[in-house]
Amino acid sequence: MACIPRRLSQITLFNTKNLTLYHITLVVILCTTFYLIGIWQHSVGTTFSSSSAAAAFLSSVPCSSLKTTQLDFLPHHLPPDPPSETTRAAQFPPCDPSFSEYTPCEDVQRSLKFDRDMLIYRERHCPEKDELLKCRIPAPYGYKVPFRWPQGREFAWFANVPHKELTVEKKNQNWIKVEGDRFRFPGGGTMFPHGADAYIDDIDKLISLRDGSIRTAIDTGCGVASWGAYLLSRNILAMSFAPRDTHEAQVQFALERGVPAMIGVVASIRLPYPSRAFDMAHCSRCLIPWGQYDGLYLIEVDRVLRPGSYWILSGPPINWQKHWKGWNRTTDDLKSEESRIETVAKSLCWKKLVQKDDLAIWQKPTNHVHCKANRKVFKRPPICYTQNPDMAWYTKLETCLTPLPRVSNIKEIAGGQLAKWPERLNAIPPRISSGSLPGITETVFVENSELWKKRVEYYKTIDHQLAETGRYRNLLDMNAYLGGFAAALVDDPVWVMNIVPVEADQINTLGVVYERGLIGTYQNWCEAMSTYPRTYDFIHGDAIFSLYKD
């Protein structure tokens with residue numbers, strides 16, 4: 001009897017399991033049936049009955065009363081699609097190889113339509129808007145990376161500047177020689193065939209070039225800039241310039257060597273430098289008619305010379321008694337030219353320090369106390385009082401003397417005493433300490449210098465070639481301000497062309513750059529620069545585009 005309840009419970013459990021299985025099977029069959037019916041209705045019935053119903057509805061309801069919802073299927077968390085081909089920036093093709101040495105504002109062919117009087121046709125004449133090229137200047141065939149400094153002072157690749165004209169024209173003057181696939185620069189010049197080093201030593205015997213009092217120099221009519229190249233070893237930084245003329249590629253050779261240079265000419269407009277910029281000016285047979293046009297060109301040299309600085313002249317007419325036959329000029333002509341130069345120099349209150357052999361040196365006064373007084377004797381040139389002495393972008397030359405800043409006594413140096421190099425680099429420039437630049441204080445200058453030391457240090461961590469000694473040589477700062485970028489690189493074997501854009505003329509700081517012992521020029525970046533293609537190894541621009549944003 002005890003086994004009966006156990007069998008009954010097993011039977012009951014079996015029946016319950018079967019009933020659950022029947023229910024599940026029935027639900028599956030019903031779901032499948034209704035799903036198939038639904039598919040059939042959408043594939044057949046909708047085509048007829050549903051579309052008919054929709055058509056009846058739309059025909060009975062006006063369109064204006066229908067409300068539709070616009071669904072937005074665009075992604076909102078992804079970068080936008082690239083612009084279409086028509087809206088992308090233009091891709092400039094390469095120019096024809098004939099343009100490999102193109103200088104837009106000193107184009108030789110274009111310049112021929114301008115006035116030849118006073119060499120005006122050699123000045124900047126930039127192309128009109130419809131003349132602008134929209135292509136990239138190509139390098140000449142076989143171009144190579146230039147020699148590193150200091151080897152570059154003596155050598156340049158022939159393929160980079162493929163011109164032999166000067167090797168023929170100046171073969172007896174030791175300017176340049178061709179040796180296989182390269183040029184060699186022996187350092188000679190028209191008036192220093194034995195080399196620039198020996199010539200500079202001769203100058204050093206007459207005025208001190210080693211005590212740090214002379215740091216910035218300008219070489220007018222520089223040839224291949226050997227004078228400037230060999231001054232660098234004496235810590236003197238020269239701005240060399242010459243026109244693009246029959247002396248083919250002379251400035252281009254200078255730049256290829258790694259020597260600071262620009263295309264330029266003394267003609268009818270001011271040189272693109274501030275007043276009181278240079279400690280020394282130099283002309284070695286530069287063929288500039290210093291005694292003509294009422295002394296206009298010496299007046300311009302006077303403007304850019306610092307108080308107490310020097311003008312050095314060698315070549316005609318200096319020592320004409322010895323050289324007149326070789327110069328193919330008459331003694332009367334040379335004597336007359338010498339007299340005119342002496343007269344102009346005296347009218348500028350310059351003192352002739354010395355004339356020895358082929359060298360003559362004059363010194364500018366340290367202030368204009370006496371010079372203003374002797375205007376009663378020298379009626380010309382009068383003192384200029386109308387133009388800004390630092391304005392020098394297409395500014396016409398005038399036959400008047402640029403006044404030096406006022407002084408309180410005869411011994412004071414106009415504009416302030418400069419420290420000797422290298423202390424000069426970080427000493428407070430007189431233009432700042434005098435308060436002549438609104439908003440730029442001594443504190444601003446110091447902070448700016450420290451800022452650029454940090455920035456240049458950081459630049460070198462991301463551009464290892466800038467940190468690599470000798471990899472770069474020619475650098476350009478498009479908006480130099482106080483010259484902090486160049487100052488931070490002063491211990492590297494590089495030089496920096498510091499640009500102060502003319503759009504920043506409300507606070508013209510290029511004079512500060514020169515007072516620090518650096519060099520630079522003015523520039524309007526809407527125009528081409530007065531230099532050759534491939535001049536710079538590294539171009540730096542800080543806050544430059546905001547000047548031109550409109």
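**Exercise 1. Salt bridges.** Find how many salt bridges the structure holds, then describe the one formed by arginine 124.

Solution.
1. This predicted model holds 25 salt bridges.
2. In one of them, arginine 124 pairs with glutamate 527, and their closest N and O atoms are 2.9 Å apart.
3. The two partners come from distant parts of the chain, 403 residues apart. Arginine 124 sits in the loop between helix H2 (108–111) and strand S1 (155–157), while glutamate 527 sits in the loop between strand S13 (520–523) and strand S14 (538–540).
4. Buried means under 20% relative accessible area. Arginine 124, at 14%, therefore counts as buried.
5. Glutamate 527, at 23%, counts as partly exposed.

**Exercise 2. A network.** Determine which residues are joined into one network with Asp204 by salt bridges that share partners.

Solution.
1. Start with the pair aspartate 204 and arginine 210, whose closest N and O atoms are 3.0 Å apart.
2. Aspartate 204 is partly exposed, at 22% relative accessibility.
3. Exposed means over 50%, so arginine 210, at 55%, is exposed.
4. Shared partners join Asp197, Asp201, Asp204, Arg210 and Arg234 into one network.

**Exercise 3. Helix H9.** Check the span of helix H9 against the expected value, and list what its buried residues pack against.

Solution.
1. Helix H9 covers residues 331–347, which is 17 residues.
2. The expected span is 1.5 Å times one less than the number of residues, which gives 24 Å for H9.
3. The end C-alpha atoms of H9 are 25 Å apart, in agreement with that value.
4. The buried residues of the helix are Leu334, Glu337, Glu338, Ile341, Val344, Ala345 and Ser347.
5. These pack against helix H7 (296–304), strand S8 (305–314), helix H8 (320–323), strand S9 (351–356) and strand S10 (359–363).
6. Arginine 340 also lies in H9, but it is partly exposed at 33% relative accessible area. Its C-alpha atom is separated by 9.3 Å from that of aspartate 294, 46 residues apart along the chain.
7. Just after H9, cysteine 349 takes a positive phi of about 70°.

**Exercise 4. A surface patch.** Identify the residues that form a nonpolar patch with Phe34, and state whether phenylalanine 34 is buried or exposed.

Solution.
1. Phenylalanine 34 is found in helix H1 (residues 4–60).
2. Its relative accessible area is 59%, so phenylalanine 34 is exposed.
3. Leu26, Leu30, Phe34 and Ile37 form the patch on the surface, with about 400 Å² of accessible area together.

How values were computed
Residues are numbered from 1 along each chain as its sequence is written. This is a predicted model: local features need pLDDT of at least 70, side-chain atom pairs count only at pLDDT 80 or more; totals for chains, interfaces and linings use all residues. Side-chain values use heavy atoms; hydrogens and water are left out. Helices (H or I, at least four residues) and strands (E, at least two) are DSSP runs, numbered from the N terminus. Buried means under 20% relative accessible area, exposed over 50%, partly exposed in between (1.4 Å probe, protein chains only). Contact means heavy atoms within 4.5 Å. Patches are made of residues with over 30% relative accessible area and no salt bridge: like charges are joined within 9 Å, nonpolar side chains (Val, Leu, Ile, Met, Phe, Trp, Tyr) within 5 Å. Accessible areas come from the Shrake-Rupley method with a 1.4 Å probe; for residues, only the protein chains shown count as cover. A salt bridge is a side-chain nitrogen of Lys or Arg within 4 Å of a carboxyl oxygen of Asp or Glu.
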